[in-house]
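Colleague: Could you take me through one part of this model at close range? I'd like to hear about a single sheet and whatever packs on it.

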Amino acid sequence: MIESIDVQNFGSYNGFVWAQNVVDQRGQVPSFRKLNILYGRNYSGKTTLSRIVQCVERGRLPEKYAEPKFRIKTANEVITEADVANTNLSVRVFNKDFVDLNLSFLRESQGTVQTFAILGEQNAELLALIASVEAELGSVEEKTGFRFEFYTNRQLLEKANREHEQLQTQLDQKLAEKANKPQSGIKHNPLFRDPNYDIRKIRLDIVSVLQTGFVPLDEGAVGATIALLDESPMSDIGKPGAYRAGLREIFSKADELVTRRISPTAPIKALLENGELQSWVKAGIDHHRHHRSDCAFCGNQLPDDLWAKLDAHFSKESQILEDEIRRALQTVEAERLRILRHTNVQVTQFYSSLREDATASLNEMTKARQFYIDQLEAILEALKARAANIFRPSVLSVSLNADEAHAAALAAFEALIDAHNKKTGSIASDQLAARKKLRLLEVSKFVSDIGYQDSMRALEEKKQEVKTLEESQQRLTEVGKNTAKRLEDLRIQLRDERQGAQRVNSYLNHYFGNQTIRLDAIPDADSPNVYRFKILRGDEDAHNLSEGECSLIAFCYFLAKLDEIDTKGKELIIYIDDPISSLDSNHIFFVYGLIHRVLMSPLADAAGNQIRDATGALKYPFKQLFISTHNLEFLKYLRRLPIEKKGERENFMVMRRDRSSVISLMPRHLRTYVTELNFLFGEICVCADPSNIATNYQAFYGFGNSLRKFLEGYLFFKYPSESIDYDKRVHLFFDDGSVVEPIVQRITNEFSHLGEFVDRGSVPIDGAEISSVAKFVLSKLKASDYQQYTHFLDSVGVADPIN
């Protein structure tokens with residue numbers, strides 16, 4: 001049911017808020033009830049209110065309304081101007097727009113009357129089938145049949161969707177925080193340098209770390225990897241040059257020299273037996289021959305045959321060997337110096353990521369080099385020893401593996417130099433790879449910390465649950481469509497437009513008492529099963545209908561249309577807007593009687609037993625009923641409409657206030673004493689207080705009419721003689737020698753007519769003057785009949801305004 005309506009902008013409504021205007025004496029905010037009666041003068045906003053409700057019926061907004069904005073609150077939802085096409089409320093509205101749409105014949109001679117069909121004559125077999133299919137469809141409220149199964153499955157689907165969405169949201173929030181949360185997110189970590197890192201990228205990284213074979217960066221390598229990120233391009237390191245292994249060749253030559261055997265021509269035994277002496281003599285030859293004739297050591301004359309003896313001892317062969325040993329010594333020394341100078345690279349020249357390996361390689365190469373030099377020095381010592389004792393051969397012992405060891409160590413070191421030089425060109429990509437390794441390590445830890453795979457399994461399980469429910473919903477939807485189609489096909493077999501016309505005529509006949517005005521269903525000439533409606537007076541088209549006849553026909557048509565196939569059986573919200581014509585009030589009681597008999601009679605089963613809902617309350621042809629009127633006499637009858645439970649009826653006023661129509665609770669005197677005289681007395685009481693003009697200016701503007709109509713009724717009963725007119729009665733009542741009578745006459749004439757007082761229409765209402773006259777009239781009423789006056793006050797529920 002509709003509980004309340006707020007209207008920001010729609011027609012005569014501007015900024016209307018229900019909770020600020022519909023307030024009872026205790027400060028509580030009541031809502032619409034099952035039966036709602038609304039009273040308001042013409043142009044107060046009643047029809048506009050019906051059009052707001054009609055938006056829900058038609059599922060669209062009316063044309064020629066600039067930016068409509070409203071809010072309809074029901075027990076289960078809130079409907080705004082954007083939602084009118086997406087609600088399940090079943091609404092039927094009777095107003096001017098309904099007449100224009102369905103009965104344009106009443107407005108123009110070329111107009112038509114829309115046909116509708118209701119259930120035809122009883123067909124027991126068809127009705128039983130229809131009842132069976134309807135039972136199969138069931139009801140959500142009664143928790144039966146397909147509709148309840150569909151509703152239950154939809155509730156489960158919505159719940160599963162919400163839970164899936166909640167799980168996804170929770171996981172996405174964790175991913176988003178890890179990806180780009182300020183300070184702690186990957187996006188803001190200076191190690192990773194990715195200002196565009198987001199949830200999309202972390203999802204891709206998670207896919208990578210969850211792949212089979214992924215091995216995260218070892219914790220021990222994290223420091224070196226981070227150090228790589230701080231490196232800048234370094235200079236290339238030059239290689240030592242091509243390495244030539246010479247140890248074997250040198251050894252081969254030295255070994256031949258050390259082991260070569262030679263003998264003197266005429267050996268000097270003492271020299272052969274003493275190598276040091278032989279070396280001393282050999283050195284002395286160079287100092288004495290061709291230089292001295294005496295010995296530089298002892299001063300004795302050198303023998304004449306000394307040089308011949310020595311030459312015979314130091315043969316040509318020994319001289320050659322000495323020369324070869326001297327050259328071999330030079331070769332070995334040159335090789336030693338070459339090896340020492342071959343590699344002159346510092347570890348600090350390498351990138352930090354290579355320094356550990358470079359240090360180890362350089363150490364290995366230093367060992368191999370020293371081992372190589374050690375072998376060279378052994379060769380040197382052997383050569384020197386042979387040179388010292390040229391005629392004594394010896395054995396040379398050297399490790400030739402030093403050559404291969406040094407070559408291998410040097411090759412390994414040069415490989416590191418190649419890696420260093422290559423790294424200069426690839427440092428950017430290496431750092432990128434290092435950042436990725438560090439990032440994937442971070443993501444891998446994150447995946448483990450949040451139980452990502454458990455979350456994904458839960459999501460997948462919920463997704464499968466949603467899929468299963470969606471498949472059930474699709475199946476149920478298909479079954480529902482087929483069942484509804486089967487029901488519609490059965491109902492079509494009972495459709496009969498003629499029954500619709502007859503139902504309208506049955507209502508009209510209660511008023512006219514004969515078939516003077518009737519609605520006929522006439523078969524189409526080309527399609528005998530297609531009908532069109534015509535309004536006839538006798539046997540002729542009923543043109544020139546009175547305003548009252550038009551209203552009566554339209555209302556009977558509306559009530560009959562509630563039984564059409566597409567409407568009957570639904571829980572309807574019915575809104576009837578002003579069914580009493582302003583120009584013809586003769587049929588007031590008839591319209592009331594139709595409402596009473598058709599709408600307010602509880603539903604009954606085939607046996608005549610009243611039908612009750614699950615709570616035990618009587619069921620009516622409607623779920624909620626709104627009736628608005630401008631006619632006080634009709635309002636009096638509406639008070640009599642029966643409703644089973646107390647509290648299921650509420651009465652409202654619709655009025656203009658400032659620039660907007662407003663809805664408020666109906667005053668007590670209108671709810672309790674529905675006579676025009678009571679109402680008019682209440683209007684006079686309102687005007688007795690000049691401060692009320694701020695909130696009840698319509699009472700002040702209508703004061704002239706209200707006062708004149710009140711005095712006409714009141715004074716007629718006080719002076720019922722037909723020999724006097726209204727002016728004479730005013731004179732009799734107010735003539736006390738004061739100025740009251742002329743003021744009353746002026747107010748009731750000038751303020752209720754503009755024809756003779758055109759300038760009055762351009763002059764603002766004088767609230768103080770009107771309040772003075774209202775007090776004059778009330779004072780006279782009080783003085784004339786105090787008892788009646790106090791009962792008037794009690795009927796409208798106000799304190800005495802003239803005290």
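Modeller: Here is a walk through one sheet, with a little on the rest of the chain for context. Keep in mind that this is a predicted model.

The sheet is an open one, with four strands in the order 2-1-4-5 and antiparallel pairing. Strands of a sheet pair through backbone hydrogen bonds, either parallel or antiparallel. At the edges you'll find strand 2, residues 13-16, and strand 5, residues 78-80, each of which pairs on one side only. Going from one strand to the next, the twist averages 30°.

Now zoom in on the strand 2 end. Strand 1 covers residues 2-10, and its antiparallel pairing with strand 2 runs over three bridges. If you want a spot to centre your view on, try Asn-9, which stands opposite Asn-14 in strand 2.

Then there's what packs on the sheet. Helix 2, residues 46-58, lies across strand 1, strand 2, strand 4 (69-74) and strand 5. Relative to strand 1, helix 2 runs at about 110°.

To set that in context, the protein has 803 residues, with 42% of them counting as buried, and its secondary structure comes to 27 helices and 15 strands. Among contacts with a separation of 6 or more, 72% are between residues 24 or more positions apart. As for the outside, the accessible surface comes to about 43,200 Å², and carbon and sulfur atoms hold 50% of that.

Technical notes:
Residues numbered from 1 in each chain as written. Predicted model: local features only at pLDDT ≥ 70, side-chain atom pairs only at ≥ 80, totals over all residues. Heavy atoms only, no water. Pairing = 2+ DSSP bridges. Helix = DSSP H or I, 4+ residues; strand = E, 2+ residues; numbered from the N terminus. Axes fitted to C-alpha atoms, helices over the stretch in contact; angles between N-to-C directions. Contact = heavy atoms within 4.5 Å. Buried < 20%, exposed > 50% of the residue type's maximum accessible area, 1.4 Å probe, protein only. Areas by Shrake-Rupley, 256 points an atom, 1.4 Å probe, with all protein chains shown as cover.
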